[in-house]
Amino acid sequence: LVNADIALYRAKERGRNRHEFFSDALQAEIATVKRVADDILRGIEQREFLPYYQPLFDARTLEVVGVEALARWNHPVDGRLAPVSFLKIAEDLNVLGIIDSLMLEQALADYTRWDALGLSVPSISVNVSFKRLHDQELITSLRDLDLPAGKVSFELLESIFLDEVDPIVAWNLDQIRDLGIHVDIDDFGTGHASIVSLLKLSPRRFKIDRQFVTPITNSPEQRRLVGSIVEIGKSLGIAVVAEGVETMQQASILRKLGCDILQGYAFAQPMPAAELETFLGKRRRLSNAS
């Protein structure tokens, strides 16, 4: 009966109106998911989830204009894990909001340290899950934090931002702005946001997804597409960020197309707070020397 129930759950998960047979492979998969779920809950308690920071650069001057805090899991056995390894299971466990909160708290602590060291970090952006935007206690928890005015931005995945949002989400977004937190859109062009939703949300920035950036060196069509996306941002007064920039050739094309900010391995990989301090310190010394 237990095995039949596992197969039934899988059939429902894959769209219903179908059948699935129980197998040893399915049982092993379920066991793996259970193990990872237990590890995630333990990892949250042990604060194993930490932000890794990837700098954002002005497309023209290449000055650092901010950093994005990206969640990484320092697993005691498997080492550093990217979100693809835990995001779906964490969402099923309904703990994405907790991980978001941990990232924000640590990012604020790191920002305070960088400021004390005299390191210039104009802003920090953190990702916010759709479920957290539904949290009626979100604003109360944010008010308890020491938020540097105008220095923090929340990145919302475009795929979760629909034209019609419910009253709790709308109210939370208004209150987020009142707290001095900017709102940005991540992965623009891959989800459901329309021009109407952009006008309603009025984000400070939106990011062009890497799948549009990668082909621009060899595809005139992709270059024209990216150019059109940039024009949308310009016409609405929204800064445009290109992410996933892996070569200087891509950076040059994106600069000519009018992108305001560049982010990607061509300039810097995500790094822990201590490495970012070294990175920023070297840039400051080079700037002072010149």
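This is a short dialogue on reading a predicted model, from aromatic pairs to backbone angles.

Visitor: Start with the rings. How many aromatic pairs does the structure hold?

Guide: The model is predicted, and it holds 7 aromatic pairs. Read two values for each pair: the distance between ring centres and the angle between planes. Planes under 30 degrees apart count as stacked.

Visitor: Are Phe49 and Trp73 stacked or edge-to-face?

Guide: Their ring centres are 5.0 Å apart and their planes stand at 20°, so the pair is stacked. Next, look at where the partners sit. Phe49 is in strand β1, residues 49-58, and Trp73 is in strand β2, residues 64-75. The two are 24 residues apart, and the pair links distant parts of the chain.

Visitor: Is Phe49 buried or exposed? And Trp73?

Guide: Use relative accessibility; buried means under 20%. Phe49 has 3% and counts as buried. Trp73, at 1%, counts as buried too.

Visitor: Which residues form an aromatic cluster with Trp73?

Guide: Phe49 and Phe86 join Trp73 in one aromatic cluster.

Visitor: What does Trp73 touch outside its sequence neighbourhood?

Guide: Skip residues up to four places away in sequence. Trp73 then touches, among others, Val36, Asp39, Ile40, Arg42 and Gly43. The list also includes Glu48, Phe49, Leu81 and Phe86. Check one of these by C-alpha distance. Trp73 and Glu48 are 25 residues apart in sequence, yet their C-alpha atoms lie 5.8 Å apart in space.

Visitor: What is the geometry of the pair Phe188 and Phe206?

Guide: This pair is stacked, with 4.2 Å centre to centre and 20° between the planes. Phe188 belongs to strand β6, residues 182-188, and Phe206 to strand β7, residues 205-208. They are 18 residues apart, so again read the pair as a link between distant parts of the chain. Both Phe188 and Phe206 are buried.

Visitor: Now the nonpolar cores. Which residues have the most contacts inside the largest one?

Guide: Look for hubs in the contact network. Here they are Trp114, Ile176 and Ile208, in a core of 56 residues. Then ask which element supplies the largest share. That is helix α4, residues 96-116, with 5 residues.

Visitor: What does Trp114 touch?

Guide: Leave out residues up to four places away in sequence. Trp114 touches Tyr53, Val67, Leu119, Val121, Ile124, Ala273, Leu276 and Glu277.

Visitor: How many residues are in the other core?

Guide: It has 16 residues and lies apart from the largest core. Val36, Ile40, Leu81 and Val95 are among them.

Visitor: Next, helix packing. At what angle do α1 and α2 cross?

Guide: Take the distance and the angle between axes together. The axes of α1, residues 2-13, and α2, residues 24-45, come within 11 Å and cross at roughly 80°. That makes α1 roughly perpendicular to α2.

Visitor: Which residues meet there?

Guide: From α1 come Asn3, Ile6, Ala7 and Arg10. They meet Leu26, Gln27, Glu29 and Ile30 in α2. By class, this contact has 4 nonpolar, 2 polar and 2 charged residues.

Visitor: Stay with α1. Is Ala11 buried or exposed?

Guide: Ala11 lies in helix α1. Its relative accessible area is 8%, so Ala11 is buried. Beyond its neighbours within four places in sequence, Ala11 is in contact with Arg16, Arg18, His19 and Glu20. The C-alpha atoms of Ala11 and Phe21 are separated by 8.8 Å, with their positions 10 residues apart along the chain.

Visitor: Now backbone angles. What is the phi of Leu62?

Guide: Look for a positive phi on a residue that is not a glycine. Leu62 has one of about 60°. Leu62 is found in the loop between β1 and β2, and at 27% relative accessibility it counts as partly exposed.

Visitor: And what is the phi of Asp187?

Guide: Asp187 also has a positive phi, about 55°, and is not a glycine. Its setting is strand β6. With a relative accessible area of 17%, Asp187 is buried.

Visitor: One loop residue to finish. Where is Pro148 found?

Guide: Pro148 is in the loop between α6 (138-143) and β5 (152-157). At 23% relative accessibility, Pro148 counts as partly exposed. Pro148 touches Leu108 and Tyr111, leaving aside residues up to four places away in sequence. Pro148 and Gly180 are 32 residues apart in sequence and 8.0 Å apart in space, C-alpha to C-alpha.

Conventions:
Residues numbered from 1 in each chain as written. Predicted model: local features only at pLDDT ≥ 70, side-chain atom pairs only at ≥ 80, totals over all residues. Heavy atoms only, no water. Phe/Tyr/Trp six-rings, centres within 6.5 Å; stacked < 30°, edge-to-face > 60°. Helix = DSSP H or I, 4+ residues; strand = E, 2+ residues; numbered from the N terminus. Buried < 20%, exposed > 50% of the residue type's maximum accessible area, 1.4 Å probe, protein only. Core = buried A, V, L, I, M, F, W, Y, C linked by side-chain atoms within 4.5 Å. Contact = heavy atoms within 4.5 Å. Axes fitted to C-alpha atoms, helices over the stretch in contact; angles between N-to-C directions. Parallel < 35°, antiparallel > 145°, perpendicular 65-115°, else oblique. Nonpolar A, V, L, I, M, F, W, Y, C, P; charged D, E, K, R; others polar.
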